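Q: I would like a close look at a single part of this protein. Please take it slowly and connect the details to one another.

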Amino acid sequence: MTDSSRPLFDAGLQPERTALAWRRTALSMGVGGVIALKVFPQLLGLWGYLPAAIALAIAAVVFVAAERRYRRGPGIPVGGAMPALVAIATLALGLVALAVLALRG
């Protein structure tokens, strides 16, 4: 006889570890955005604020999405949109930094 009050799926601490990992990712992206906010305007003028602002906005989106994903609970399938967003943002900011180095070097 099964007890209906017990959950069928025991997620353990895995969802919390995943949420913490996404929070660390968002935090590191935010730190990268703050560094870009300090460095890029000095090298690119007013245009330097654009990639820095985009990086900070994406960090905020990742943080909020991670919180929503964690609150949704275990067992709900999620897509690959958030990892793709992080990968594309990292690649784009890296390419901007590489272009700045190439043009200033």
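In what order do the elements of the protein chain run from the N terminus on? And within that order, what can be said about helix α2, including which of its residues are buried and where E67 forms salt bridges?

A: The model is a predicted one. From the N terminus on, its elements run α-α-α. The count is three helices and zero strands. The protein chain has 105 residues, and buried residues make up 23% of them. Its exposed area is about 7600 Å², of which carbon and sulfur atoms supply 69%. Among contacts between residues at least 6 apart in sequence, 67% join residues at least 24 apart.

Now to α2 itself. Helix α2 covers residues 49-72. Its 24 residues should span 34 Å at 1.5 Å a residue, and the C-alpha atoms at its ends are 34 Å apart, so expectation and model agree. Just after the helix, G73 takes a positive phi of about 100 degrees.

The buried residues of α2 are P51, A52, A55, I58, A59, V62, A66 and E67. Their cover includes α1 and α3, the latter being residues 81-104. The view from α3 fits with this: M82, V86, A89 and V100 are buried there, and the buried residues of α3 pack against α1 and α2. Helix α3 also has 24 residues, with an expected span of 34 Å at 1.5 Å a residue; its end C-alpha atoms lie 34 Å apart, in agreement.

E67 is a charged residue on that buried list. Its relative accessibility is 17%, and the cut-off for buried is under 20%, so E67 counts as buried. A search of the whole structure finds two salt bridges, and E67 takes part in both of them.

One partner of E67 is R23, with the closest N and O atoms 2.5 Å apart. R23 belongs to helix α1 (residues 14-44) and E67 to α2, so this pair ties together parts that are 44 residues apart in sequence. R23 is partly exposed, at a relative accessible area of 26%.

The other partner is R71, where the N to O distance is 3.6 Å. A salt bridge here requires the side-chain nitrogen to be within 4 Å of the carboxyl oxygen, so the 3.6 Å pair qualifies. E67 and R71 are four residues apart in helix α2, which separates them by about one helical turn. R71 is exposed, with a relative accessible area of 65%. Through shared partners, the salt bridges join R23, E67 and R71 into one network.

R23 has a further relation to α2. Its charged end sits over the ring of Y70, 5.9 Å from the ring centre. The limit for such a placement is within 6 Å of the centre and within 35 degrees of the ring normal, so the arrangement is counted. As for pairs of aromatic rings, the structure holds zero.

R23 comes up again at F63, a residue of helix α2. Leaving aside neighbours within four places in sequence, F63 is in contact with R23 and A26. F63 has a relative accessibility of 39% and counts as partly exposed. The C-alpha atoms of F63 and W22 are 7.0 Å apart, although the two residues are 41 apart in sequence.

W22 can also be set against V64, another residue of α2. Here the C-alpha separation is 9.8 Å, with the two positions 42 residues apart along the chain counted as their distance in sequence. V64 is partly exposed, at a relative accessible area of 48%.

A further pair to look at is A59 with V31. A59 is one of the buried residues of α2, while V31 has its place in helix α1. Their C-alpha atoms are 8.9 Å apart in space, and the residues are 28 apart in sequence. V31 is partly exposed, with a relative accessibility of 44%.

To draw the part together: α2 has buried residues whose cover includes α1 and α3. Its residue E67 is buried and is joined with R23 and R71 in one salt-bridge network. R23, from α1, also has its charged end over the ring of Y70 and is in contact with F63.

Conventions: Residues are numbered from 1 along each chain as its sequence is written. This is a predicted model: local features need pLDDT of at least 70, side-chain atom pairs count only at pLDDT 80 or more; totals for chains, interfaces and linings use all residues. Side-chain values use heavy atoms; hydrogens and water are left out. Helices (H or I, at least four residues) and strands (E, at least two) are DSSP runs, numbered from the N terminus. Buried means under 20% relative accessible area, exposed over 50%, partly exposed in between (1.4 Å probe, protein chains only). The expected span of a helix is 1.5 Å times one less than its number of residues. Contact means heavy atoms within 4.5 Å. Accessible areas come from the Shrake-Rupley method with a 1.4 Å probe; for residues, only the protein chains shown count as cover. Rings of Phe, Tyr and Trp (its six-membered ring) pair if their centres lie within 6.5 Å; planes under 30 degrees apart count as stacked, over 60 as edge-to-face and the rest as tilted.
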